[in-house]
Amino acid sequence: MTQWENLMAPVYSLQLHELYDRDDLPMDVRHYLSVWIEKQDWQRAAGDYGLAILLFQQLLENIDIQHSRFGLQEEFFLMQHNFRRYKNNFQKYQEEPCILARKISWFLEKEKEILLSAELNEKVQQLCVEQQTMETDSQQELERRMAGFKNEVQCMEHTIVCLEEQQDEFDFKYQTHQMEAVKDENEKRKQWNILQSLVNQLNSCRKRTLVDLLKILDKAEDLIETLVKKELVDWQRRQQKSCIGAPDNVSLDLLEKWFSCVAACLFQVREFLSKLDELSGKVSYENDPLKMDKPRIQERADTLLKNLLLSSFVVETQPSMPQGKGPLVLRTNVQFSVKARLLVKFSELNHLMKVDVSMDSEAPQIKGYRRFNVLGTKSKALNMTESQNGGMVADFRHLTLKEQKCGGGGKGASEISLSVTEELHIINFDTAFDFKGMSLKLQASSLPMVIISNSSQQQSAWASVLWFNMLSLYPKDIRFFTAPPSAPWPQFAEMLSWQFLSATKLGLNEAQLEMIAFRLFGKQQSYNDLTVSWAKFSKENTPFTFWVWFDGILMMVKQYLVELWRDGLIMGFVTKAKEKSLLKKKQRGTFLLRFSESVIGGITFSWVETTLTGEPEIKTVRPFTKNDLEQIPFHEIIRNFQLMETDNVPENPLLYLYPNTPKDEAFGKYYSDKSGENSPYIKYIKTKLMFVTTENSLEAQSSSAVTQGPELQPISALCGVEQSTIETGDLTLEAFLADPLLSPPGGSNNAEDFMISSYDPNLLNCDLVSSELNLPDLHTLPTQFCGIFQSF
């Protein structure tokens, strides 16, 4: 089956219509010549003139052949007309057949991308469905086992009742026999035989009861092992991942239901054993199985119940500050909250169990390791009313930490020394379980936390939390950073995607992750077998580490661009080379939005211009940062960005968001003046911003509106460009056209964000050829915003 035949599926129809919405390669030609087109090496022809001219001539011949075929059938009269027109249009490539080959090659590559993207989405959906199915099947199987277990316990309750009735019958007849004092030996022997038969039956019934109890305990043991060693461990791992953004279900409702069910059944078994004790005290005999075997069964039942209860006390919500980057990063003297929960729920326990909070009960011997005291209400009762579903919860909402002033580590402390943001601490929760004769001390521990004393440490602290919870399978491993492991790329990429998913509801796609992998490893055939070290993630190139760069982008998107990102308008993570390869194949005015690789928390846009020779030219503006986006939304910058043509007519070069969506169609719903004078943007700004540049300059000029009144201070002219005057009604604004080819204020460590891919030297009247397209720092011009202010 050809590539084109695969694309004929209805699911691809919209993408195909968008791809073939122009005449560079008519869809009719692609369809009827699909077999021949796909057999040719168009990519090689794009750089080989001889092959290109040969394929060009063959293409025209094939169009002629297809045209003649249509002539044999009247219903294809219009198609015959179209093919004659297509042939005439292709004639323009006779002198430049390589351009045609390059275009056809591009269309074939785009088709492959459509197929690969759909295939990837199908695999992801299939994996999600399979995972959900597996979870559902696992839960259903456990529910089935739990129902069978409860049924057997209920049957045992009936068995105990029957055993008691049987014993009462024997006891009554035995007491009667003792009181009657029968003298007839035959009658006495007959009654004794009856009593012996009854006691034999009672003995057999007692043995069967004990065997059935052992079977119940066997099932209880299997269920407890499943709950404690699988379901609870899986939940703990899900909670670890959810703390760093994974969309995992961390509800404890099912676990609480299962734990409570098994605990209730085991308490019932203990009641059965107490009843057997009582029956044995009333009637016993030589080799009584209740006296011989019941103690062993009692011990086993108690051990199983203890194991279940000891695992049932957990930290439901990990420690977190209200305004932190995420859980598990706490700051001294700043309030935080944490919630503990008992998974065994009995209404009789409500308010009776007190939970106490403490810090680092087993502090490691690490040089300089700090100690902290917990301040606030450190003791609370397990309270069903504080839980939405009536669970046994101790919710601590106003705790703080204060560092102890004594020296850390003590004598014999290890020589290993950790930074503050790599030092891990644990909060412990202690409570006493005393219910129906079962007394235990229960303890739960938080995941390891990072404790900071200054907000400037929060970014690095969160990096440590990410690394630990991504890689550690041991929730109490507070020595983790003495030798932190490396992260496999697939696991690392997933963690990065979670950061965007949790912050914006949209994670990173494969293309974006590939760009990040390229930044970390360079060009590789495959990244799946590569690993990222802790140093590469958070230590190398300080202070501009990988994490600082990535987190700067994430914070910018979360604060200023979340809707644009969620709607898929920002390509974001794309290299300059990839950007150029994407845009140079598109029509003039096509632009895309990408994150800066050299400016922390920066976003820029690049677009396609056409040179005098008809070649595509890629232009890029200097990145916008937090300071810019605080003053004007990014979609307004895109909307109002303009170039000044030779005749001083402003023109917005941004026409189509990549791949081919009209700008206003993509961003229109965000525009601020849709409601006219009632727009909040216009209400507060009272102006309309228009970014204006000369054809040679992408540094915007600014002026204040008439209604604002302050006098405009002129910007210094650069590179000998003459002063110009702009008339605006009664207001005369003096603006100096700055040369865009000078370096940006403060310089740049990486020129790629300021590169013009190509330029026409005839348009440049300056000897300095830098690669930046400047827009001024918006925060440096409070009354001279980037562009011309026009009063409404």
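## Salt bridges

A salt bridge here is a side-chain nitrogen of Lys or Arg within 4 Å of a carboxyl oxygen of Asp or Glu. Glu423 and Arg370 fit that description, with their side chains meeting at 2.8 Å, N to O. What we're looking at is a predicted model, so treat every value below as computed from it. Glu423 sits in the loop between β9 (414–417) and β10 (424–425), while Arg370 is in the loop between β5 (366–367) and β6 (372–375), so this contact ties together parts of the chain that are 53 residues apart in sequence. Both Glu423 and Arg370 are buried.

By the same rule, the count comes to 37 salt bridges. Another of them joins Glu111 and Arg30, again at 2.8 Å, N to O. Glu111 belongs to helix α8 (residues 97–180) and Arg30 to helix α3 (residues 27–32), so the pair ties together parts 81 residues apart in sequence. Glu111 is buried, and so is Arg30. There's also a network of salt bridges, in which Asp253, Glu256, Glu316, Arg341 and Lys345 are linked.

## Arg639 and its partners

Arg639 turns up in two kinds of contact. One is a salt bridge with Glu636, where the closest N and O atoms are 3.6 Å apart. These two are three residues apart in helix α19 (residues 634–640), so about one helical turn separates them. Glu636 has 2% relative accessibility and therefore counts as buried, the cut-off being under 20%.

The other contact involves a ring: the charged end of Arg639 sits over the ring of Tyr671, 4.3 Å from its centre. Arg519 and Trp549 make a contact of this kind too, with the charged end of Arg519 over the Trp549 ring, 3.9 Å from the centre.

## Aromatic pairs

To describe a pair of aromatic rings, you give the distance of the centres and the angle of the planes. Searching the whole structure turns up 44 aromatic pairs. Take Phe346 and Phe435: their ring centres are 5.0 Å apart and their planes are at 25°, so the pair is stacked, given that planes under 30 degrees apart count as such. This pair links distant parts of the chain, with Phe346 in the loop between β3 (336–342) and β4 (354–359), Phe435 in strand β11 (residues 427–435), and the two positions 89 residues apart. Phe346 is buried at a relative accessible area of 12%, and Phe435 is buried at 8%.

Phe550 and Phe573 are another stacked pair, with ring centres 5.8 Å apart and planes at 15°. Phe550 lies in helix α16 (residues 546–566) and Phe573 in the loop between α16 and α17 (576–583), so to speak a link between distant parts of the chain, 23 residues apart. Both Phe550 and Phe573 are buried.

## Cavities

Rolling a probe the size of a water molecule over the atoms shows where empty space is left. In the whole structure, the search finds four cavities of 30 Å³ or more. The second largest cavity holds about 60 Å³ of space.

Which residues line the second largest cavity? They are Asp23, Asp24, Pro26, Tyr86, Asn89, Phe90, Lys92 and Tyr93. Sorted by class, that lining has four nonpolar, one polar and three charged residues.

## Helix α3 again

Arg30 has company in helix α3, where Val29 also lies. With 0% relative accessibility, Val29 counts as buried. Val29 and Gln66 are 37 residues apart in sequence, and their C-alpha atoms are 9.2 Å apart in space.

## Backbone details

A few backbone spots are worth a look while you have the structure open. Tyr658 and Pro659 are joined by a cis peptide bond, with omega at about 5°. Pro659 is in the loop between β21 (656–657) and β22 (661–662).

Leu328 isn't a glycine, yet its phi is positive, at about 75°. You'll find Leu328 in the loop between β1 (313–320) and β2 (329–331), and at 0% relative accessibility Leu328 counts as buried. Lys436 is another residue other than glycine with a positive phi, this one near 50°. Lys436 is in the loop between β11 and β12 (438–445). Is Lys436 buried or partly exposed? At 46% relative accessibility, Lys436 counts as partly exposed.

How values were computed. Residues numbered from 1 in each chain as written. Predicted model: local features only at pLDDT ≥ 70, side-chain atom pairs only at ≥ 80, totals over all residues. Heavy atoms only, no water. Phe/Tyr/Trp six-rings, centres within 6.5 Å; stacked < 30°, edge-to-face > 60°. Helix = DSSP H or I, 4+ residues; strand = E, 2+ residues; numbered from the N terminus. Buried < 20%, exposed > 50% of the residue type's maximum accessible area, 1.4 Å probe, protein only. Lys NZ or Arg CZ within 6 Å of the ring centre and 35° of its normal. 1 Å grid on protein atoms, 1.4 Å probe; cavity = no way out; pocket = protein on both sides within 12 Å on 5 of 7 lines; lining within 4 Å. Points joined across faces, edges and corners; volume = space filled by probe spheres on them. Nonpolar A, V, L, I, M, F, W, Y, C, P; charged D, E, K, R; others polar.
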